[in-house]
Amino acid sequence: MSMIEKLHRTRAYPTLRVESDPAGDTHWMYMHNDHVTGARPCFRTELMDDMWSFLNSITLRENQRQSGRLRHVVLASSAPAAFNLGGDLQLFSQLIRANDREHLLSYARRCVDGVHHFHSGLGGDVRTIALVQGDALGGGLELALSCHTIVAEEDAQMGLPEVLFGLFPGMGAYSFLCKRVSPQLAERLILEGTILPSQEWHRMGVVDVLVPKGEGEAAVNDVIRRQQRAPHAHLAMNAVRGIGQPVGYDELMGITEVWVDTALALGEKALKTMERIVRAQERRSGAEAAA
């Protein structure tokens with residue numbers, strides 16, 4: 001029996017499948033558990049509500065943490081062909097058309113809260129791992145980049161295509177990419193918006209572990225086992241990263257406010273492009289649900 005099969009479900013959420021080991025040291029959070037209904041595998045508010053609710057439930061206060069106890073959170077997907085397609089473009093177009101800065105900024109802040117929580121290790125005692133087995137686009141790739149380790153299966157499509165409708169990925173992509181590649185390369189990846197297979201992201205040093213299709217979960221289990229052999233060192237590395245390679249909350253919020261103002265300045269052509277992408281996502285999700 002595999003490690004995944006030995007895990008037991010601890011919580012039921014409409015959009016998530018959550019599996020945890022009995023000790024609460026390893027949590028697997030599979031997004032898009034409602035994909036069989038045809039729901040788009042993107043950051044809809046329902047998914048964000050469930051994700052942040054679960055993360056808050058397992059985040060320990062300072063006086064609850066035990067010396068030398070290292071925990072892991074793995075972010076994966078239940079949707080076979082998509083890790084996450086990014087922000088809710090349908091909601092974006094509605095809020096932009098209404099010139100509703102307040103609610104667009106509120107959405108962006110929730111995204112920043114989430115990626116900052118992952119990047120900081122839920123307070124410091126958690127190593128976060130993204131398991132990318134399908135498309136990771138826009139905000140989906142941003143969330144993966146916020147994790148300590150990215151494990152990807154071969155031929156997973158990854159990219160930041162927001163430039164197609166005149167935007168940029170505004171919830172951490174630039175900050176997190178600059179910790180893995182040069183700022184010049186980060187800018188080029190963002191401004192060109194090219195979607196590349198996981199092999200190319202691994203070659204650039206963005207993906208940490210690349211494995212053949214179907215071997216992602218085993219690779220994540222191997223990463224966890226190796227890190228648990230030296231828990232004190234990995235807990236210390238969380239703190240060291242925060243000192244030597246910080247991505248501060250204020251930095252993320254400042255960038256996302258630029259994103260909001262840029263979004264509100266978009267014209268009709270950009271909004272129609274967003275809406276065409278939404279329709280394509282809906283057709284794809286409907287076809288996969290029917291299958």
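1. Start with a strand pair. Strands β3 and β4 run parallel to each other, paired over 6 bridges. One point of register is M29, which stands opposite L75 in β4. Bear in mind throughout that this is a predicted model.

2. Stay with β4. This strand covers residues 71-77, and 7 of its 7 residues are buried. Both of its faces are covered. On one side sit R71, V73, L75 and S77. On the other sit H72, V74 and A76. So L75, the residue opposite M29, counts as buried because its relative accessible area is under 20%.

3. β3 has a second partner. Strand β2 (residues 17-20) joins β3 (residues 26-31) through 4 bridges, and these two strands run antiparallel. R17 is bridged to Y30 in β3. Thus β3 pairs with β4 in the parallel sense and with β2 in the antiparallel sense.

4. Look at the turn between β2 and β3. The two strands form a hairpin with 5 residues between them. Within this hairpin, G24 takes a positive phi near 75°.

5. Two residues other than glycine also deserve a check of their backbone. Most residues other than glycine have a negative phi. N99 departs from that, with a positive phi near 55°. D155 does too, at about 70°.

6. Where does N99 lie? It is in the loop between α3 and α4, and its positive phi comes just after α3. Is N99 buried or exposed? N99 is exposed, because its relative accessible area of 54% is over the 50% cut-off. N99 is also far along the chain from G24: 75 residues separate them, and their C-alpha atoms are 44 Å apart.

7. D155 sits in a loop as well, the one between β8 (149-153) and β9 (157-159). With a relative accessible area of 41%, D155 is partly exposed.

8. Now the helix before N99. The buried residues of α3 are L89, L91, F92, S93, L95 and I96. What covers them? The cover includes α2 (45-58), α4, α11 (249-264) and α12.

9. Helix α10 is next. It spans residues 231-244, 14 residues in all. From first C-alpha to last it reaches 20 Å, close to the 20 Å expected at 1.5 Å a residue. Which residues of α10 are buried? They are P231, H234, L235 and N238. These buried residues pack against β6 (126-132) and α9 (216-228).

10. Turn to the empty space. Rolling a probe the size of a water molecule over the atoms shows where such space is left. The largest pocket holds about 490 Å³. Its lining has 31 residues, and L85, G86, G87, L137 and G138 lie nearest the centre.

11. Which elements build that lining? α3 (89-97), α4 (101-119), β7 (135-137), α5 (139-145) and α12 (268-290) each supply at least two residues. α12 gives the most, with 4 residues. By type, the pocket lining divides into 21 nonpolar, 6 polar and 4 charged residues. Note that α4 and α12, both contributors here, are also among the elements that cover the buried residues of α3.

12. There is also enclosed space. How many cavities of 30 Å³ or more does the structure hold? It holds 1. The largest cavity has about 30 Å³ of space. Its lining is made by H35, A39, P41, A79, S285 and E288. These divide into 3 nonpolar, 2 polar and 1 charged.

13. One last loop residue. S182 is found between α6 (173-177) and α7 (183-192). It counts as partly exposed, because its relative accessibility is 34%. S182 and M204 are 22 residues apart in sequence, and their C-alpha atoms are 10.0 Å apart in space.

Notes: Residues are numbered from 1 along each chain as its sequence is written. This is a predicted model: local features need pLDDT of at least 70, side-chain atom pairs count only at pLDDT 80 or more; totals for chains, interfaces and linings use all residues. Side-chain values use heavy atoms; hydrogens and water are left out. The expected span of a helix is 1.5 Å times one less than its number of residues. Buried means under 20% relative accessible area, exposed over 50%, partly exposed in between (1.4 Å probe, protein chains only). Contact means heavy atoms within 4.5 Å. On a 1 Å grid over the protein atoms alone, a cavity is a set of points where a 1.4 Å probe fits but cannot get out, and a pocket is an open set with protein on both sides within 12 Å along at least five of seven lines; lining residues have an atom within 4 Å of a point. Grid points are joined across faces, edges and corners, and a volume is the space filled by probe spheres set on the points. Ala, Val, Leu, Ile, Met, Phe, Trp, Tyr, Cys and Pro count as nonpolar, Asp, Glu, Lys and Arg as charged, and the others, Gly among them, as polar. Two strands pair if DSSP finds at least two bridges between them.
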